[in-house]
Amino acid sequence: MNRALVLRVLALAAAVAVLEALCRVGVIDRFTMQPPSRIAVDLWSILATGKFNAAILKTLTNAGIAFALAVSVGIAAGVAIHGLKALREGLDPLFATYYAIPVLAFYPLLIILFGLGDAPQILIGFMLGVVAVIVNTLNGLDRVPRVLLKAARIGRLTPVEVATQVTLPYAVPYVLTGVKFAVSYAFIGIIGSEFVMSRGGMGFEIAFAYNNLDNATMYPLIVLILAVTISANLMIARWEKALLARRGLA
Amino acid sequence: MSVAHVTLRGVTKVFSRPGKGGEVHALGPLDLDLRSGEFFAVVGPSGCGKSTLLELIAGLATASAGEVAFEGRPIAGEIPDGVGVVFQEDACFPWLTVVDNIAFSLRKARLAPGERESRVRDAVAMMGLGGFERSYPAQLSGGMRQRVCIARTLVMKPRLILLDEPFGALDQQTRLLMGEEVLRLWRQTGATVFLITHALDEATMLADRIAVMSARPGRILEIVETGWPRERDSRVVEDARFGALTARLWQVLRQESMKSIGRPGGVPEGGA
Ligand SMILES: Nc1ncnc2c1ncn2[C@@H]1O[C@H](COP(=O)(O)OP(=O)(O)O)[C@@H](O)[C@H]1O
Ligand SMILES: [Mg+2]
């Protein structure tokens with residue numbers, strides 16, 4: 001293990017220990033938050049009893065669909081926009097201001113259009129993530145050295161082959177940056193809209209527990225969401241790093 | 001003499017610069033015949049249009065005027081079959097291993113089973129890349145990466161090989177050795193070789209004929225014949241004619257180089 005990693009683990013452990021102490025001593029009262037050790041035990045029993053399995057499954061499935069849509073549509077749109085210079089010039093300023101839009105504000109509208117089901121939530125997660133994927137795909141495609149494009153022409157590749165065999169493979173590490181955003185945004189979109197209005201899911205259960213002062217449910221579910229998103233993010237980051245290392249860039 | 005493999009007639013290239021206004025007259029008008037199977041070198045001041053000339057022959061660019069023909073057929077922005085290019089810049093695909101880089105263009109070629117593998121194996125051996133088959137370009141030196149690019153061109157068995165300052169980034173010893181390798185390839189494959197270089201001694205050592213180009217817009221000032229035998233290597237530098245040939249190139253080039261760095265030929269700095 002390298003030193004940076006050891007330090008990181010130590011810092012995290014110290015933060016948890018301080019939190020534990022503050023809760024035990026009573027600086028943080030138990031109506032506000034339970035000690036971390038208690039949260040771990042509660043999480044274990046939630047998973048063991050399977051009490052919230054349906055909610056967990058619903059949230060993970062919807063986040064997964066929103067994520068997959070954002071990534072596939074984002075990459076395809078990125079390639080298409082990159083190929084159409086005029087469209088690109090028109091859209092660039094819109095991408096730059098896109099994240100000033102509070103996408104969640106459209107949720108009620110989407111519910112009116114699609115009903116109070118999974119679709120509006122998936123759409124919110126998708127809409128949040130897709131532009132990050134497009135922007136990062138474009139960034140990667142912009143960086144493809146001209147000489148590789150010339151080599152592709154000498155190899156008489158068709159435009160589709162150029163995209164799948166040259167420009168996209170070159171851009172993968174940059175696309176992955178967008179993919180990491182898509183993971184976060186998928187969860188923010190799904191859980192955020194479950195908070196606001198829904199019939200189930202982890203966000204719904206957390207809000208429900210909050211209203212009932214049920215800390216034994218609320219905190220373990222929050223920790224579970226953190227664990228899922230952080231591990232997904234770490235996995236992609238590792239892949240990204242491996243690809244960059246292969247190119248002598250990390 | 002043998003037949004012309006490539007012919008250029010009245011070829012001119014003018015780049016328009018959208019947005020910036022104005023035009024850059026990069027090349028020509030220029031006439032040139034490359035003989036089938038010869039080793040042809042081009043020297044000239046930087047920015048004189050050497051790479052532009054290569055791209056016109058490769059079909060990567062279209063002439064503003066005039067005609068370029070390969071094996072009797074005009075090239076009009078179409079990549080002709082049978083032409084291989086080794087570029088000035090590193091053109092290895094960084095996400096592919098050495099063998100996958102070499103096999104890249106073969107993916108499209110319809111070949112008998114096993115033919116692909118055997119061509120890649122041969123190219124690896126010929127370019128001295130044995131032991132590095134599974135390495136990625138980032139793990140190789142600049143010289144080895146350039147050899148990967150040469151190997152990638154070779155497996156296609158081109159009849160015309162265009163090389164754009166392929167050894168530009170290499171040290172002198174490596175350049176000499178790579179030069180010998182290119183000579184060997186030229187003899188073994190029987191291909192016509194068109195080599196751009198900025199090293200005059202390299203041109204003299206390798207080529208049958210050397211074109212000296214003018215400053216931009218590039219035109220051909222003179223073509224020098226070396227008269228070397230086909231069986232030759234870097235030891236031609238010991239030949240008495242080597243010095244004279246290189247001196248001739250420099251004589252023609254000196255004035256042009258002066259022009260391209262903005263000084264009239266022969267007038268000393270701060271003169272009179
Ligand atoms: N795509 C282009 N657009 C505009 N000008 C260009 C382009 N490519 C080359 N040029 C110009 O044409 C001239 C010749 O370039 P080049 O053929 O690369 O020279 P060389 O290879 O001899 O150094 C240069 O002045 C260069 O700036
Ligand atoms: Mg050049």
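## A walk through helix 2, a metal site and some strands

In this predicted model, the buried residues of helix 2 of chain A pack against two other helices of chain A, namely helix 1 (3-25) and helix 10 (215-246). That makes helix 2 a friendly place to begin.

**Helix 2 of chain A**

Helix 2 covers residues 36-49 of chain A, 14 residues in total. From first C-alpha to last, helix 2 reaches 20 Å, close to the 20 Å expected at 1.5 Å a residue. Which residues of helix 2 of chain A are buried? They are A:P36, A:I39, A:D42, A:L43 and A:I46. Viewed down the axis of helix 2 of chain A, these buried residues fall within an arc of 115°, so they line one face of the helix. A general rule helps here: an α-helix has 3.6 residues a turn, so residues three or four places apart point the same way. Turned away from the buried side of helix 2 of chain A is a face with the exposed residues A:W44, A:A48 and A:T49. After helix 2 of chain A comes A:G50, with a positive phi near 70°.

**The magnesium ion**

Now for chain B. Which residues coordinate the magnesium ion (ligand 2)? B:S51 does this through OG and B:Q88 through OE1, at 2.0 to 2.7 Å. B:S51 belongs to helix 1 (residues 50-58) of chain B, while B:Q88 sits in the loop between strand 6 (83-86) and helix 2 (98-102) of chain B, so the pair ties together parts that are 37 residues apart in sequence. B:S51 counts as partly exposed, at 25% relative accessibility, and B:Q88 is also partly exposed, with a relative accessible area of 36%.

**Two cysteines without a disulfide**

A disulfide is a covalent bond between the sulfur atoms of two cysteines. How many disulfides does the structure hold over all chains? The count is 0. B:C92 is in no disulfide, and the nearest cysteine sulfur, that of B:C149, is 3.7 Å away. A disulfide needs the two sulfur atoms within 2.5 Å. B:C92 is buried, at 5% relative accessibility, and B:C149 is buried with a relative accessible area of 5%.

**Strand 8 of chain B and its partners**

Strand 8 (residues 192-196) of chain B is mostly covered, with 5 of its 5 residues buried. B:T192, B:F194 and B:I196 point one way from strand 8 of chain B, B:V193 and B:L195 point the other way, and all are buried. This fits a general pattern: in a regular strand the side chains alternate between the two faces of the sheet.

The table lists some strand pairings in chain B, each with one pair of opposite residues.

| Strands of chain B | Sense | Bridges | Opposite residues |
|---|---|---|---|
| Strand 3 (residues 39-43) and strand 8 | parallel | 4 bridges | B:V42 and B:I196 |
| Strand 7 (residues 160-164) and strand 8 | parallel | 5 bridges | B:L163 and B:L195 |
| Strand 4 (residues 65-70) and strand 5 | antiparallel | 2 bridges | B:F70 and B:R73 |

**An open sheet in chain B**

Chain B also has an open sheet of 4 strands in the order 2-1-4-5, with antiparallel pairing. Which strands stand at the edges? Strand 2 (23-35) and strand 5 (73-74) of chain B do, each with a single partner strand, so one side of each is left without a neighbour in the sheet.

Terms used: Residues are numbered from 1 along each chain as its sequence is written. Chains are lettered from A and ligands numbered from 1 in the order in which they are written. This is a predicted model: local features need pLDDT of at least 70, side-chain atom pairs count only at pLDDT 80 or more; totals for chains, interfaces and linings use all residues. Side-chain values use heavy atoms; hydrogens and water are left out. The expected span of a helix is 1.5 Å times one less than its number of residues. Buried means under 20% relative accessible area, exposed over 50%, partly exposed in between (1.4 Å probe, protein chains only). The arc is that of the directions from the helix axis to the C-beta atoms. Contact means heavy atoms within 4.5 Å. Donors are N, O and S atoms within 2.8 Å of the metal (3.2 Å for Na, K and Ca); water is not among the atoms, so sites may look incomplete. Two strands pair if DSSP finds at least two bridges between them.
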